[in-house]
Amino acid sequence: LTSLSEGIPNSVLEACCAGIPTVSTDNGGSTEVILNGETGFIVPKENEEAMATRVLELLHDDDLRIRIGSAAQQMVSERFSIEALGESLLRIYRTAT
């Protein structure tokens, strides 16, 4: 994801759900989803070389791609599933009353 500015990007969440590791710029929302080096990679905005390096690293290293993709899939199911979001919302409601 090469955006300069972004909320929480659906494309990154969808990739995570599919077990596909992502490389994104440090555009704001992506840093809330991607744990750099664990569930994907974050690179500086407008740094094409860093983006290409990380993408090529994932393309050429099957073990890294599988490990990061699996971690991303687990993370998104724990943090962004309907159940997790529902529990978060309930916690907010309970603390507001």
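In the predicted model, the exposed residues Asn10 and Glu14 occupy one side of helix 1, whereas the buried residues of this helix, which spans residues 10-17, are Val12, Leu13, Ala15 and Cys16. Viewed down the axis of helix 1, these buried residues fall within an arc of 160 degrees, and they therefore line one face of the helix. The cover over the buried residues of helix 1 includes strand 1 (22-25), helix 2 (30-33) and helix 4. Helix 1 is followed by glycine 19, which has a positive phi, near 75 degrees.

Several of the buried residues of helix 1 recur in the largest nonpolar core, which has nine residues, namely Val12, Leu13, Cys16, Val33, Ile34, Ile42, Ala72, Met75 and Val76. Helix 1 and helix 4 each contribute at least two residues to this core. Apart from it lies another core, made up of seven residues, including Val23, Val43, Met51 and Leu64. When neighbours within four places in sequence are left aside, valine 76, a member of the nine-residue core, is in contact with Leu13, Cys16, Cys17 and Ser81.

Helix 4 (residues 62-79) also packs against helix 3, at an angle of about 100 degrees and with the two axes 5 Å apart. Since angles of 65 to 115 degrees count as roughly perpendicular, helix 3 and helix 4 are therefore described as roughly perpendicular to each other. In this contact, Glu57, Leu58, Leu59 and His60 of helix 3 meet Asp62, Leu64, Arg65 and Ile68 of helix 4. Sorted by class, the contact between helix 3 and helix 4 comprises four nonpolar residues, one polar residue and three charged residues. Leu64, which takes part in this contact from the side of helix 4, is also among the members of the seven-residue core.

Valine 55 is likewise located in helix 3, and because its relative accessibility is 33%, valine 55 counts as partly exposed. Between valine 55 and glycine 19, the residue that follows helix 1, the separation is 36 residues in sequence and 15 Å in space, taken from C-alpha to C-alpha. Ahead of helix 3 (48-60), the loop that connects strand 2 (40-43) with this helix contains glutamate 46. Glutamate 46 has a positive phi of about 60 degrees although it is not a glycine, and with a relative accessibility of 60%, this residue counts as exposed. A positive phi is thus found both at glutamate 46 and at glycine 19.

With regard to the chain as a whole, the protein contains five helices and two strands, and its elements run α-β-α-β-α-α-α from the N terminus on. The C-alpha trace of the protein chain spans about 50 × 30 × 15 Å along its principal axes. Of the 97 residues in the protein chain, 32% count as buried, and among the contacts that link residues at least 6 apart in sequence, 42% join residues at least 24 apart.

Note on methods:
Residues are numbered from 1 along each chain as its sequence is written. This is a predicted model: local features need pLDDT of at least 70, side-chain atom pairs count only at pLDDT 80 or more; totals for chains, interfaces and linings use all residues. Side-chain values use heavy atoms; hydrogens and water are left out. Helices (H or I, at least four residues) and strands (E, at least two) are DSSP runs, numbered from the N terminus. Buried means under 20% relative accessible area, exposed over 50%, partly exposed in between (1.4 Å probe, protein chains only). Axes are lines fitted to C-alpha atoms, for helices over the stretch in contact, and angles run from 0 to 180 degrees between N-to-C directions. Angles under 35 degrees count as roughly parallel, over 145 as roughly antiparallel, 65 to 115 as roughly perpendicular and the rest as oblique. Contact means heavy atoms within 4.5 Å. Ala, Val, Leu, Ile, Met, Phe, Trp, Tyr, Cys and Pro count as nonpolar, Asp, Glu, Lys and Arg as charged, and the others, Gly among them, as polar. The arc is that of the directions from the helix axis to the C-beta atoms. A nonpolar core is a set of buried Ala, Val, Leu, Ile, Met, Phe, Trp, Tyr and Cys residues joined through side-chain atoms within 4.5 Å.
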